[in-house]
Amino acid sequence: MLTLVRSRRHPGSRRAPLRGRLWTFGGDVQLLLCLATTFAAASPSIQIETPAGGWTTSRVVTVTGRAEAVKPLGMLTVNGVERPLPIQNNQFTATFALGRGQNAIEVIGFSTEGEGAPVRAQLTLYAKIPKVDLQVLLFWDTDKTDVDLHITEPGGEVINYTHKVSTQTGGRLDRDDTDGYGPEIYSLGAAPSGVYEIAAHYFGDRGSGQTTATVSVVAREGTDEERRWRFEVPLTRAGEKAVLAKINLPPPGMQLGAAQKQAPAKHQPDAPIPRGH
Ligand SMILES: [Ca+2]
């Protein structure tokens with residue numbers, strides 16, 4: 001009969017640092033139970049790997065990093081503006097727009113255990129970039145979904161994924177994000193005065209249903225007239241388009257007025273606009 005007895009320490013040996021117990025089977029077979037060590041859960045952590053910090057001449061940057069034992073949806077904060085951050089296979093990547101000068105970036109993960117206590121990593125980046133008169137950043141809060149930013153300039157020209165650079169102002173859309181979260185960024189160096197309409201179109205939901213679109217706006221960046229706004233609107237399904245705000249930029253030197261927030265959009269069941277990709 002096989003008997004399981006606890007072994008005795010060999011004379012002169014030192015107790016192993018592993019958390020476990022040494023057993024012998026009839027004095028012939030030794031089994032080291034160190035399951036507690038082998039399967040110990042990783043501690044929640046988050047780390048930014050690139051960029052290392054310092055300065056950049058790019059307005060749009062991508063931050064990458066690693067995380068352990070955190071929930072699949074974290075948070076990215078850039079100069080106080082929060083947005084959701086997907087974390088998959090212990091990795092994250094996020095693209096966003098910097099402001100001129102010093103930028104404070106924070107990545108937050110929420111522990112998979114207990115109350116989801118946050119773990120944080122910070123980065124400071126100095127951006128040597130030209131000032132913008134107007135920048136609009138669109139992001140949303142669902143994965144595998146496509147929302148599009150549409151800017152109608154005072155001259156009536158519409159900038160979106162089908163027409164990324166304005167022939168009238170030089171304003172440009174940086175990219176068309178088609179698989180979740182954004183951002184899509186419209187930037188304009190020298191903005192003609194007039195009304196700029198900001199709209200979000202829910203192009204494709206791939207079954208995800210409602211998403212919340214958020215736009216973050218900065219006007220007259222780096223001047224005494226600098227103003228910032230943030231608008232949100234729920235989009236319930238693909239095909240829906242909402243005008244989030246109208247920004248009235250006065251001629252340079254004149255005080256900016258309040259942005260005009262729009263009422264929630266009505267569903268527009270028109271067919272999606274064909275795109276070239
Ligand atoms: Ca898009």
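User: pLDDT stays under 50 over residues 1–38; how many contacts beyond four places in sequence does the model have there?
Analyst: This is a predicted model: local features need pLDDT (the predictor's confidence in each residue, from 0 to 100) of at least 70, side-chain atom pairs count only at 80 or more, and totals for chains, interfaces and linings use all residues. Two residues are in contact if their C-beta atoms, placed from the backbone, lie within 7 Å. For residues 1–38, the contact count is 30.

User: And over residues 263–277, how many contacts beyond near neighbours in sequence does the model have?
Analyst: Residues are numbered from 1 along each chain as its sequence is written. The pLDDT of residues 263–277 is below 50. Where pLDDT is low, the predicted coordinates should not be read in detail. The contact count for residues 263–277 is 20.

User: In which strand is confidence highest?
Analyst: The protein chain averages a pLDDT of 81, and 77% of its residues score at least 70. Confidence is lowest in strand β1 (residues 4–6), with a mean of 37. The highest mean, 98, belongs to residues 158–159, strand β14.

User: How many strands does the protein chain have?
Analyst: Helices (H or I, at least four residues) and strands (E, at least two) are DSSP runs, numbered from the N terminus. The protein chain has one helix. Its strands number 21.

User: Which are the edge strands of the open sheet of five strands?
Analyst: Two strands pair if DSSP finds at least two bridges between them. The order in this sheet is β5-β11-β10-β7-β8, with mixed pairing. Each edge strand pairs on one side only: these are residues 54–56 and 81–86, strands β5 and β8.

User: In β10, which residue is the bridge partner of Met 75?
Analyst: Strand β7 (residues 73–78) and strand β10 (residues 101–110) run antiparallel. Four bridges join them. In β10, Met 75 is partnered with Ile 108.

User: Is Val 78 buried or exposed?
Analyst: Val 78 sits in strand β7. Beyond four places in sequence, Val 78 touches Phe 96, Asn 103 and Ile 105. A residue is buried if 20 or more other C-beta atoms, placed from the backbone, lie within 10 Å of its own, exposed if 12 or fewer, and partly exposed in between. Val 78 has 23 other C-beta atoms within 10 Å, so it is buried.

User: How far apart are the C-alpha atoms of Val 78 and Phe 96?
Analyst: Val 78 and Phe 96 are 18 residues apart along the chain. They touch in the model. Their C-alpha atoms are separated by 8.1 Å.

User: Between which domains does the largest nonpolar core lie?
Analyst: A nonpolar core is a set of buried Ala, Val, Leu, Ile, Met, Phe, Trp, Tyr and Cys residues joined through C-beta atoms within 7 Å. The largest has 54 residues, and Val 136, Leu 138 and Ala 200 have the most contacts inside it. Domain bounds come from an automatic or database domain assignment. Residues 40–129 and 130–277 both contribute to this core, so it lies between domain 2 and domain 3.

User: Which residue in β16 stands opposite Val 136?
Analyst: Five bridges join strand β12 (residues 134–140) to β16, and the two run antiparallel. Among the residues that Val 136 touches are Leu 149, Ile 151 and Val 215. Opposite Val 136 in β16 stands Tyr 186.

User: How many residues of strand β16 are buried?
Analyst: In a regular strand the side chains alternate between the two faces of the sheet. On one side of β16, Glu 184, Tyr 186 and Leu 188 are buried; on the other, Ile 185 and Ser 187 are buried. The buried count for β16 (residues 184–188) is five of five.
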